[in-house]
Amino acid sequence: MLVILGHLKQFRSVERAGWGVVILCVFTFVYYDVLVLYMVGEQSYFMLKYSCITLGALLITSYYAMVGSGKGLLSKTKIHHSVLELGGLNIFKYVTLGNLWIYVLYESNELYTRAVDGTFLLYLFYKWLMFAALTIALAYALSRAKLFHDQMVKYYTTFLHAAGCCIALAVTLSMPALDPGAQQHTAAEIVGLLVLIIFNIGVFFAGRDLLIAGIRGQFKSVEWYPVIAGIYLLGVITVFLTVQFQWGDIGLMFSLMYLLLAILYIAYGFRRRYVMIRRLGLGLTLFSTGKMVFYDVGLLTTGSKIIAYFSFGVLLLGISYLYQKVSSRMEEAQAKKTPQVEESDRSE
């Protein structure tokens, strides 16, 4: 209150006194509560103190950001800080936003620990999934808060997006929602699997804008986006089949899944006129076919081999028909455009 009141009324001494109180509070909290009491294990109203420190710093940061942008009633307030003071305010803003992520994770962990029994089968699964969701939500909120925007905050939100996606990927890779030894899965396990699927779909679409922006800056074209997204989708599907659904070594099912995914990539490439994703689909077709011929067939019985060859034959014929039909249409469209171009050249 002293900082805001001193700045509003242009009382430099009051404003500086308020900053002295803020620094003293932060120093006392870090030295006494964090380094001494928290490490020893004696937490005396630690959550309340941490909340006050975090919300107070966020309030001060928001106030100076509004003053700097000149919005609302603060548009007539004059900024009378030196270059050194403005640099200090920026550092305070970055520390505040960085601490906000730590605060969200800490408070959510404390509340989760109190609400959920530690013997719960999916205790760590839901905890880390919660961390990933909160991290991505915070990144989305900061990206929408134009008040704090600058280059450093942009890098910070990108880092939060990446951190949330990495946490979700780590959960998908290492924490199966279904108990491998159970004959019948519980409702909590099924709900956990559905939540993980929905969450991975959300991560897939949440990173779309960031990925497209990065590709445009690096390659000047968005054609690499479906390729990277396709590789990511292939990896996630493989992980779900092996880790989450625990299919194990079911070679033919993997090959069929890859071949269907290849057809999807090729169809999408023709529809959007992307060459790279079509090449990825063809490469995946060759890989799945070779895997079926040289590996999967040795694990199958005679009847299963017949079914496998028939299924792959139908799918490969479908890919060939798709290529021929779409290619002929593209040639016809190109042939129609060519005479029009020649006629326009003659008229000129």
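## A walk through an all-helix chain

Let's start at a loop residue: glutamine 10 is partly exposed, with 35% relative accessible area (buried means under 20% relative accessible area, exposed over 50%, and partly exposed in between, with a 1.4 Å probe and protein chains only). This is a predicted model, in which local features need pLDDT of at least 70 and side-chain atom pairs count only at pLDDT 80 or more, while totals for chains, interfaces and linings use all residues. Residues are numbered from 1 along each chain as its sequence is written, and side-chain values use heavy atoms, with hydrogens and water left out.

Glutamine 10 sits in the loop between α1 (2-8) and α2 (12-40). Its phi is near 60°, a positive value in a residue other than glycine. As background, most residues other than glycine have a negative phi.

Now step back to the whole chain. The protein chain has 12 helices and 0 strands; here helices (H or I, at least four residues) and strands (E, at least two) are DSSP runs, numbered from the N terminus. Read along the sequence, the pattern is α-α-α-α-α-α-α-α-α-α-α-α. Of the 348 residues in the protein chain, 33% are buried. Among contacts with a separation of 6 or more, 68% join residues 24 or more positions apart, where contact means heavy atoms within 4.5 Å.

Threonine 61 is a good place to look inside helix α3 (residues 46-69). With a relative accessibility of 5%, threonine 61 counts as buried. The side chain of threonine 61 reaches back to the backbone oxygen of alanine 57 at 2.8 Å. Leaving aside neighbours within four places in sequence, threonine 61 is in contact with Phe92, Lys93, Thr96 and Phe148.

Next come three helix pairs built from α4, α5 and α6. Two packed helices are described by the angle between their axes and the distance between the axes. In this text, axes are lines fitted to C-alpha atoms, for helices over the stretch in contact, and angles run from 0 to 180 degrees between N-to-C directions.

Take α5 and α6 to begin with. Helix α5 (residues 123-144) packs against helix α6 (residues 151-174) at an angle of about 160°, with the axes 8 Å apart. That angle makes α5 roughly antiparallel to α6 (under 35 degrees counts as roughly parallel, over 145 as roughly antiparallel, 65 to 115 as roughly perpendicular and the rest as oblique). The crossing of α5 and α6 is left-handed, a label used if the near helix is turned anticlockwise from the far one by less than a right angle, with right-handed used if clockwise. Residues making the contact include Phe125, Leu129 and Ala132 of α5 and Tyr156, Leu160 and Ala168 of α6. By class, the contact of α5 with α6 has 16 nonpolar, 5 polar and no charged residues; Ala, Val, Leu, Ile, Met, Phe, Trp, Tyr, Cys and Pro count as nonpolar, Asp, Glu, Lys and Arg as charged, and the others, Gly among them, as polar.

Tryptophan 128 gives a close-up of helix α5. At 37% relative accessibility, tryptophan 128 is partly exposed. Not counting residues up to four places away in sequence, tryptophan 128 touches Ile167, Val171 and Met175. Tryptophan 128 and glycine 164 are 36 residues apart in sequence, and their C-alpha atoms are 9.8 Å apart in space.

How are α4 and α5 oriented to each other? Their axes come within 10 Å and cross at roughly 150°, so α4 and α5 are roughly antiparallel. The passage of α4 by α5 is a right-handed crossing. Among the residues that meet are Leu100, Val104 and Tyr112 in α4 and Met130, Phe131 and Leu134 in α5. The contact of α4 with α5 divides into 13 nonpolar, 4 polar and 1 charged residues.

The remaining pair joins helix α4 (residues 83-115) to α6, with axes that come within 11 Å and cross at roughly 15°. These two helices are therefore roughly parallel to each other. Here α4 passes α6 in a right-handed crossing. The contact includes Lys93, Tyr94 and Gly98 of α4 and Met152, Val153 and Phe159 of α6. It holds 9 nonpolar, 1 polar and 1 charged residues.

Our last stop is leucine 316 in helix α12 (residues 302-347). Leucine 316 has a relative accessible area of 32% and is partly exposed. Beyond its neighbours within four places in sequence, leucine 316 is in contact with Leu259, Thr285 and Thr289. Leucine 316 also lies 9.0 Å from isoleucine 263, C-alpha to C-alpha, with their positions 53 residues apart in sequence numbering.

Conventions
A polar contact is a pair of N or O atoms within 3.5 Å; within protein, one must be able to donate a hydrogen and the other to accept it, and residues adjacent in sequence count only if both atoms are side-chain atoms.
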